[in-house]
Amino acid sequence: MGEQDKTRILVVEDETSLARFLQLELNHEGYAVETARNGYEALGRISEGRWDLVLLDLMLPGMDGLEVCRRIREQTDVPIIMLTARDATEDKVKGLDTGADDYITKPFAVEELLARIRAHLRRAGTFRREGNKLIIGDLVICRDTRQVTRAGRFISLTRREFDLLSYLAENAGLVLSRETILDRVWGFDYYGNTNVVDVYIRYLRAKIDEPFPTRLLHTVRGVGYTLREDK
């Protein structure tokens with residue numbers, strides 16, 4: 001396999017020894033790896049080309065990992081695994097809400113990190129865009145006509161259900177909190193209870209999951225919801 005055909009991983013880590021260790025381990029696993037020492041360098045690398053996954057340290061000089069993650073999400077849906085020395089639930093939730101797909105707390109076993117990388121690369125491979133269509137596994141969402149099919153079967157959705165499903169699909173693989181979903185789908189001026197999100201998630205499950213053998217809509221306990229195809 002040529003270098004251009006390898007899976008490309010960007011490691012954003014200011015601790016030189018750890019960055020070098022990760023680069024060597026990932027090279028050994030067959031990945032093409034480059035490193036960035038700070039957020040500004042990382043964003044430059046992101047804008048220059050295609051990446052398959054980003055390992056992003058939370059504590060970076062100048063611009064912290066949360067802000068870097070937010071800016072990456074403005075450019076690409078690349079899977080992001082956040083590396084953090086913090087283990088507080090609040091920090092993990094902030095990372096996920098900002099757009100990270102996962103986090104791993106330092107110090108970590110390299111075998112666990114490699115397993116998470118493989119899992120996110122598999123998931124990323126199930127989501128694609130074709131024009132104005134969003135495709136996750138056998139689920140096809142056409143934003144122009146507001147039509148949805150799964151396994152070729154037409155699924156009738158209300159306007160709100162379609163908006164919710166579209167938002168989840170736009171962020172396929174990301175874990176979205178109820179508050180984030182409420183703001184983006186119902187609007188910032190909505191003052192109702194966040195339980196309305198749970199109600200509409202149940203409506204969607206009854207239509208896009210329950211009639212089919214595999215689930216696409218997943219609950220992440222204590223955090224929120226994500227749309228993805230698990231293989």
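Which residues of α8 are buried? Select Val196, Val197, Asp198, Ile201, Leu204, Arg205, Ile208 and Asp209; buried means under 20% relative accessible area with a 1.4 Å probe, protein chains only. Before you go on: this is a predicted model, where local features need pLDDT of at least 70, side-chain atom pairs count only at pLDDT 80 or more, and totals for chains, interfaces and linings use all residues. Residues are numbered from 1 along each chain as its sequence is written, and side-chain values use heavy atoms, with hydrogens and water left out.

Now show all of helix α8, residues 195–209. Helices here are DSSP runs of H or I with at least four residues, strands are runs of E with at least two, and both are numbered from the N terminus. Put a distance between the end C-alpha atoms: 20 Å, which agrees with the 21 Å that 15 residues should span at 1.5 Å a residue, taken as 1.5 Å times one less than the number of residues.

Next, colour what covers those buried residues, including α6 (159–170), β12 (217–220) and β13 (224–227).

Stay with the strands. β11, β13 and β12, in that order, make an open antiparallel sheet. β11 (176–177) and β12 are at the edges with a single partner strand each, so one side of each has no neighbour in the sheet. Two bridges join β11 to β13, and strands pair if DSSP finds at least two. Zoom in on Ser177 and you'll find Gly224 of β13 opposite.

How values were computed:
Buried < 20%, exposed > 50% of the residue type's maximum accessible area, 1.4 Å probe, protein only. Contact = heavy atoms within 4.5 Å.
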